[in-house]
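Subject: A structure to look through

Dear colleague,

I am passing on the structure below, and I would be glad if you could keep it open while you read the notes that follow it.

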Amino acid sequence: MRISRYLKYVVFIFFGFLILNSGCRKKSPSPSWNVELLAPLFVDTIGVYDVFNDSLIVENPDQLLSFVFNEKLYEINVDSLVKLPDTLFNFAYSMDWLPFPIPLAPGDLIISDTFDWPLDYETFGFEGIALEEAYVRSGFIHFEVFNKSDGPILSQFRINSAIKNVSDTFNVSKTVESGQIASEAFDFSGYRLNLRGSNNDTVNMLNYYIGLFADPGIPDTLLLTSVDSFSVNIYFEDLVMDYAKGNFGKNDFHFGPEISHLGFFNNLNIGGISMKDAKVKLQIHNTYGVDGNMKIDQITAINSSTGEVLGLEGDILDSLLYIPGGTQTGNGLGNIQPSINDFDFSETNFNDLLQIIPDQISYTLDMTTNPFEDSITREHFFYYDYPIEVYLDMEVSQGIMLQDLFGWGRSEWNGENIDLENVLNGNLVLKYTNWFPFTFDMDLYLEDENMEVMDTLFYEGVIEGGLPNADGRVLQPTVSRIQVELTGSLRKSVKDAKFAYFQIYINSVEGGHVKVYSDYVMEFKMIGDFEWIMEP
Amino acid sequence: MNRLLYIFIFSFLANISFAQVEMQSPYFPESREDGTEWKWKATGNWNEAVNSNSFTNDFVKAIDKSRFLDGQLIDGQLANMVDKTLAGQIRSIGGRFYMNSKKKPGKQYFFFGIEHQHILDTYMDKDLLALFLKGNKPYAGKTLNAPNSEFYNIYFNQLSGGVGYNFDKEDVKQQLQWGISLNFGQNYDYISLKNSMFYTDPDGEYLDVSLSAETKLSDTVWAEFYEVRGIGLSGELLYSYTKTNDFHFDVSFKNLGFVRWNKNAFSGTMDTSFVFNGLENDTVNTGGGSLPSDFDKNALRRLLFPNAETGSFNTVLPLKIGVSAGKFLSEGKLYLGMKADYYPFLKAPLMLEVFGTWNVNNTVYITPVMLYSSYGKLNFGLSLGANITKNLRLDIGSSYLNSMFSGSSLAGQGGFVRLGFTY
């Protein structure tokens, strides 16, 4: 925080001033005497942007500041959408049609087949899904071959519509010994799938090739007879897509109850906050290229430290929240223009949820994709890395109440060159002219190299806040003075300390809701009032 | 006797006198020995004068002895201040060695010597002194004015060499001596303050300051006696005319030259009016960051004089013009004279003495002295000279006997010791 920097300056400049009084003259044997000095040493002005993060406030034309909180509550990744069904398909080849045994030379073809085979979404409970294109993020293809012949065979499996690195087709082969089953899982990640079939006129369709050959490694021939047979099993396992495009159909998804951690209040270190007439919105960023209806079943704020739990109440629960789909922009993948949808929660008790300073949000919701059952479009899309995001968007201009907003800071301290030998006695007077309608309670310490407190510059120094009038405007600042006696101990600590550490608590004046204007400032001034041994 | 001893000790320890290093007594122009009767002479001189038109002896003594100035002393001093305080100190310590010419004995001689000089000359406004001595708090709510103040302080050492000529014609003896000196600057401080004003808010919340200041410092670190912070050249010239047992006149110029201070010298000017609210770290308008991270003395000096320069500069030496004249009476048993030393570059430039020397059998010389100076006051003193042996001559004296033993008197302290040996 900026406060830490100025506090460092405060003390350095003060003692620098003392040095100045003896520093402008050269050192030679000289007389000495006591003088009484009274002078401003340091002044700083702190504006609203020093107290509040820029991203938290918006200035209105009348200089009234609105506090804007925009915090991601949770993300929704529709796992079911981004998975391919664990499809299994089986091919059995019998040689019973052979009229007589056939000798095959090494590498001779036994049988081959090129065919289209659809992804089976319906079996897994999804309706109307019609994908044209997909990218595989992760997953495996299991390839299992049973060889019931008198010699080893070479089996080959290829997915003609799965391409990687522009031109590399998914193509695997396996040698299967006579009477054995060979099985192996092959990594399928990174492949781009054309799901429009061999004629490029359908959906959910992959084109495959299976070939069985006499093992090229056999020394002589493989005699194929009518009692021989072969069986091939292929299935997808845990296939997750990076991207898919097509028509996602009308499908229902349920989420939760899930818990999302909320870091917002942890960063603020606040004991309590309350907003008056807050405009609360739930903002949903739909990065999926499919529209949907969302229904919030429950949202619960949880303060895991205090154990407080408070549920959301209001008509918006159980209401259907329609969310248009996002759009892809440009040619590149991942160029998404999400649809941003605001839903007014002002009539709910969301403000109350925030007052318990939650660190967790629990939620349960339902979502229906493509609720209007558009079966024509093939422009639905999603990206695994761009889940739907749900934000809390809140704007407060009519008053905010802060309770023990806590801040602290530590800065390095180098006082070795500060010469306080000539300070006989005296005080530092810290004067605060405060327009902010906030009270600041501050402690300032000096610490040694182990960050152990050596001395206290001041403790529980109270800076009173400006008092608003009936319109909520502070027209007269409040002046507070804190006096710090320059004791012998403090003078030593100033020289020996390695760190300066402060703590500050900010509270709204009179514990109420206060408006904040952009021209509010707090002027800080340090005045030295001390007796000094002059040794020119 | 105790007082005489005190004068001697004081002069010796405090290095006080007034006359330049010279071959003769300052108050009795002796007849020089015949040129064939001496081969060489050696002289040692300790001279010092401390004066002020406002400071008391107690106050000056406390400063000179680097004592603690207690509140009573300061308050008493401030109660009797004049509007413009002059204060100064002139000190010289040195020795010279004279050699009679072998080719022209009695007509020509040579000399070389070494000398340390310290000259302090200040001119200060009353309010500025009050501020300096008491601090600003007692004057909070009042405007303090400093229309014209200067502080000049120089220490330097000289190595001198030269030649002198005697022109004797019957009973008229003329002497011309010139020399050149190599100057080794030790310390130099010059600060001037013009048309300046200082106001402290009663609560100390701001200072209203108008400052027109100039400073030149030989270095920001004090140099000891043996250290050299600058080098320069200077010349000196002496002419005297003496008619035996009738009258004497001499005129001299000394320190006609300069010192060039080395590259660490510091000079700066400031002409500004401002209200000082404290060093600013204006986070609203500037985002801060304008404060120096190092608060050592140099950084703070830079803060006061932001356009200061570090580098060599020249300063002229405090030129001294001396004139002395007198009349011998009673066949040389009595000598009535005056002696004036004029420092054209100082704020207190003139020291004028009127004296009468009684020569007791060419062995003892007793000289009452009356001194008037630019400090606007009269002082009285006494000088004693003695030919202790045929070869050894001692002169001691002070022109401040009326004041130097009274602590409450305006500062007037000083004297000299001169020891000469002739072979």
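How many helices and how many strands does the secondary structure of chain A come to? Please keep in mind throughout that this is a predicted model. The secondary structure of chain A comes to 5 helices and 34 strands, while chain B has 5 helices and 20 strands.

Some totals for the two chains may help you to get your bearings. Chain A has 536 residues, of which 36% are buried, and chain B has 423 residues, of which 38% count as buried. If you take the contacts in chain A between residues at least 6 apart in sequence, 87% of them join residues at least 24 apart; for contacts in chain B chosen by that rule, the share that joins residues at least 24 apart is 67%.

Let me begin with a sheet in chain A. Five of its strands form an open sheet with antiparallel pairing, and their order across the sheet is β2-β3-β26-β17-β23. The strands at the edges are β2 (57-59) and β23 (339-344), and because each has a single partner strand, one side of each is left without a neighbour in the sheet. From one strand to the next, the twist averages 25°. Within this order you will find β3 (residues 65-76) and β26 (residues 388-396) of chain A, which pair in the antiparallel sense over 9 bridges, and if you would like one pair to look for, A:E75 has A:E389 in β26(A) as its bridge partner.

In chain B, a useful place to start is strand β6 (residues 172-200), which runs antiparallel to strand β5 (residues 143-169) and is joined to it by 26 bridges. One of the bridge pairs here is B:F156 with B:G185 in β6(B). The two strands form a hairpin with 2 residues between them, and in the turn B:E170 has a positive phi of about 55°.

Which other strands does β6(B) pair with? Strand β8 (residues 230-243) of chain B runs antiparallel to β6(B) and is joined to it by 14 bridges, with B:Q175 standing opposite B:S240 in β8(B). Strand β7 (residues 207-217) of chain B also pairs with β6(B) in the antiparallel sense, over 10 bridges, and B:Y199 has B:D208 in β7(B) as its bridge partner. The hairpin of β6(B) and β7(B) has 6 residues between the strands, and B:G204 in that hairpin takes a positive phi near 75°.

Next come some details of the backbone in chain A. As background, most residues other than glycine have a negative phi, and most peptide bonds are trans. A:N204, although it is not a glycine, has a positive phi of about 55°, and it is found in the loop between β11 (192-194) and β12 (205-214) of chain A. A:M451 is not a glycine either, yet it has a positive phi of about 60°, and it lies in the loop between β30 (438-447) and β31 (453-463) of chain A.

Are these two loop residues buried or exposed? A:N204 is buried, because 22 other C-beta atoms lie within 10 Å and 20 or more are enough for a residue to count as buried. A:M451 is exposed, because it has 11 other C-beta atoms within 10 Å and the limit for exposed is 12 or fewer. As for the peptide bonds, a cis bond with omega of about 0° joins A:G256 and A:P257, and A:P257 lies in strand β15 (residues 251-261) of chain A.

Another loop residue to look at is A:R378, found between β24 (360-369) and β25 (380-383) of chain A. A:R378 is partly exposed, with 15 other C-beta atoms within 10 Å. Leaving aside residues up to four places away in sequence, A:R378 touches A:A130, A:E132, A:G246 and A:N247. A:R378 and A:V203 are 175 residues apart in sequence, but their C-alpha atoms are 9.6 Å apart in space.

Finally, please look at helix α5 (residues 488-496) of chain A, whose buried residues are A:L490, A:S493 and A:V494. Seen down the axis of α5(A), these buried residues fall within an arc of 105°, so they line one face of the helix. The general reason is that an α-helix has 3.6 residues a turn, so residues three or four places apart point the same way.

With best wishes

Note on methods
Residues are numbered from 1 along each chain as its sequence is written. Chains are lettered from A and ligands numbered from 1 in the order in which they are written. This is a predicted model: local features need pLDDT of at least 70, side-chain atom pairs count only at pLDDT 80 or more; totals for chains, interfaces and linings use all residues. Two strands pair if DSSP finds at least two bridges between them. Helices (H or I, at least four residues) and strands (E, at least two) are DSSP runs, numbered from the N terminus. Axes are lines fitted to C-alpha atoms, for helices over the stretch in contact, and angles run from 0 to 180 degrees between N-to-C directions. Two residues are in contact if their C-beta atoms, placed from the backbone, lie within 7 Å. The arc is that of the directions from the helix axis to the C-beta atoms.
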